[in-house]
Amino acid sequence: MSKAVSGVSIVLVFLVIFVGCDQARSKFDQIELGMSRGEVIELLGEPQQSETKTLGSWSGEVLRWQFGGQTIVLQINNDQVQGRQLVSKQ
């Protein structure tokens with residue numbers, strides 16, 4: 001019986017990862033450059049990580065959301081999305 005439970009547990013873990021990845025891609029595809037910070041929060045919820053950064057002449061917020069094995073990373077400047085990435089864990 002423990003082998004059956006173990007097998008089911010493994011399947012559930014993979015399902016959670018794949019559903020999270022699909023959810024990340026779906027959400028990411030809805031984010032457009034120029035969207036306001038508020039519009040992004042409405043779509044994704046509060047970010048799991050937020051930090052203020054200065055990179056060369058650019059300064060603003062870098063926000064991160066984790067969905068399964070993928071992370072959505074947005075750069076916000078003047079209350080607008082200036083950059084976006086979808087990063088997969090390796």
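Me: How many salt bridges does the structure hold, and what makes the pair D29 and R25 count as one?

Reply: The structure, which is a predicted model, holds four salt bridges. The term asks for a side-chain nitrogen of Lys or Arg within 4 Å of a carboxyl oxygen of Asp or Glu, and the side chains of D29 and R25 meet at 3.2 Å, N to O, so the pair fits that limit. Both residues lie in helix α1, four residues apart, which is about one turn of the helix. In this text, local features need pLDDT of at least 70 and side-chain atom pairs count only at pLDDT 80 or more, while totals for chains, interfaces and linings use all residues. Residues are numbered from 1 along each chain as its sequence is written, and side-chain values use heavy atoms, with hydrogens and water left out.

Me: Why is D29 called partly exposed?

Reply: Buried means under 20% relative accessible area and exposed over 50%, with partly exposed in between (1.4 Å probe, protein chains only). D29 has 48%, and its partner R25 has 42%, so both fall in the middle class.

Me: What joins E51, K53 and R64 into one network?

Reply: R64 and E51 meet in a salt bridge at 2.8 Å, N to O, and because R64 lies in strand β2 and E51 in strand β1 (residues 49–55), the pair ties together parts that are 13 residues apart in sequence. Salt bridges that share partners join these residues into one network, since E51 also meets K53, at 3.8 Å, N to O. Partly exposed is the class for E51 at 32%, for K53 at 31% and for R64 at 23%.

Me: Why does Q70 count as buried, and what makes its link to S88 a polar contact?

Reply: Q70, in strand β3, has a relative accessibility of 12%, so it counts as buried. A polar contact is a pair of N or O atoms within 3.5 Å, where within protein one must be able to donate a hydrogen and the other to accept it, and residues adjacent in sequence count only if both atoms are side-chain atoms. The side chains of Q70 and S88 make such a contact at 3.1 Å.

Me: What is noteworthy about the phi of N78, and where does N78 lie?

Reply: Most residues other than glycine have a negative phi. The phi of N78 is near 55°, a positive value in a residue other than glycine, and N78 lies in the loop between β3 and β4 (80–88). D79, in the loop between β3 and β4, has a positive phi of about 65° although it is not a glycine. N78 is exposed at 69%, whereas D79 is partly exposed at 45%.

Me: Which residues have the most contacts inside the largest nonpolar core?

Reply: A nonpolar core is a set of buried Ala, Val, Leu, Ile, Met, Phe, Trp, Tyr and Cys residues joined through side-chain atoms within 4.5 Å. The largest one has 15 residues, and those with the most contacts inside it are I31, V40, L44, W65, I72, L74 and V81. At least two residues come from each of α1 (2–30), α2 (37–44), β2 (58–67) and β3 (70–77), and α2 gives the most, with four residues. Leaving aside neighbours within four places in sequence, L44 is in contact (heavy atoms within 4.5 Å) with K27, I31, W65, F67, I72 and L74.
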